[in-house]
Amino acid sequence: MNPELIKVYVTGRVREPGMKDLPQGSTLYQAIAASGGQKVIKGKIDFVRLGNDGKIDRRKIKVSKKDKAGSYQNPTLMNHDIIRIGNSPLSATLDVLNDITKPALGIYAITELIQD
């Protein structure tokens, strides 16, 4: 049995994370493109596949335009593969700063509303 579509999960620093239905034979880079592409500041890609024998194939991948479809760095996907675009040191720092400043900005906005 060979379904027309496979389901893969793309998460992390992509514009539209989530479960994606892709045509059979799609590659890792095509899954990232189907997720709106990578955000500007990003780290390496974590690729995870659970084999039928229970073994886990886990790869850290750095994107390169030279990687051919079906290569180790740009594998042809299988149903239920997981792709996570990681943080770079800079994007991780920016996320922390955003988490810290967001509540303070909210409190400031509320006090401004009350004073008006």
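## Thr27 and its contacts

Beyond its close sequence neighbours, up to four places away, Thr27 touches Ala69, Gly70, Asn74, Pro75, Thr76 and Leu77. The model is a predicted one. Thr27 sits in the loop that links β2 to α1 (28-34). Is Thr27 buried or exposed? Its relative accessibility is 6%, so Thr27 counts as buried, the cut-off being under 20%.

Gln73 gives a sense of the sequence span involved. Thr27 and Gln73 are 46 residues apart in sequence. Their C-alpha atoms are 9.8 Å apart in space.

## Overall make-up

The protein has two helices and five strands. Along the sequence, these elements follow the pattern β-β-α-β-β-β-α. The protein has 116 residues, and 28% of them are buried.

Contacts across the sequence can be put in numbers too. Take the contacts with a separation of 6 or more: 55% of them come from residues 24 or more positions apart. The exposed area of the protein is about 8,100 Å². Carbon and sulfur atoms supply 59% of that area.

## The sheet

The five strands form an open sheet with mixed pairing. Their order is β2-β1-β5-β3-β4. Which strands lie at the edges? They are β2 (18-23) and β4, each pairing on one side only. Neighbouring strands of this sheet are turned by 20 degrees against each other on average, with direction ignored.

Strand β5 (82-85) has β1 on one side and β3 on the other in the sheet order. The pairing with β1 (residues 5-12) is parallel and has four bridges. Within it, Val10 has Ile83 of β5 as its bridge partner. Strand β3 (residues 45-50) runs antiparallel to β5, and four bridges join the two. Here Asp46 has Arg84 of β5 as its bridge partner.

## Two faces of β5

Side chains alternate between the two faces of the sheet in a regular strand. Strand β5 shows such alternation. Which of its residues are buried? Ile83 and Ile85 are, and they point to one face. Ile82 and Arg84 point to the other face and are not buried.

The bridge partners can be read against this pattern. Ile83, the partner of Val10, is on the buried face. Arg84, the partner of Asp46, points to the other face.

## A nonpolar surface patch

Ile82 also belongs to a nonpolar surface patch. The other members are Tyr9 and Met19. Together the three residues make a patch of about 280 Å².

Tyr9 has its place in strand β1. How exposed is Tyr9? Its relative accessible area is 36%, so Tyr9 counts as partly exposed. That value also lies over the 30% cut-off for patch members.

## His80 and its backbone

His80 lies in the loop between β4 (56-61) and β5 (82-85). Its phi is positive, at about 75 degrees, although His80 is not a glycine. Most residues other than glycine have a negative phi.

Is the residue buried or exposed? With a relative accessible area of 56%, His80 is exposed, because the cut-off for that class is over 50%. Both loop residues described here therefore have a clear class: Thr27 is buried, whereas His80 is exposed.

Methods. Residues numbered from 1 in each chain as written. Predicted model: local features only at pLDDT ≥ 70, side-chain atom pairs only at ≥ 80, totals over all residues. Heavy atoms only, no water. Buried < 20%, exposed > 50% of the residue type's maximum accessible area, 1.4 Å probe, protein only. Pairing = 2+ DSSP bridges. Axes fitted to C-alpha atoms, helices over the stretch in contact; angles between N-to-C directions. Patch = residues over 30% accessible without salt bridge, like charges linked within 9 Å, V, L, I, M, F, W, Y side chains within 5 Å. Areas by Shrake-Rupley, 256 points an atom, 1.4 Å probe, with all protein chains shown as cover. Salt bridge = Lys/Arg side-chain N within 4 Å of Asp/Glu carboxyl O. Contact = heavy atoms within 4.5 Å.
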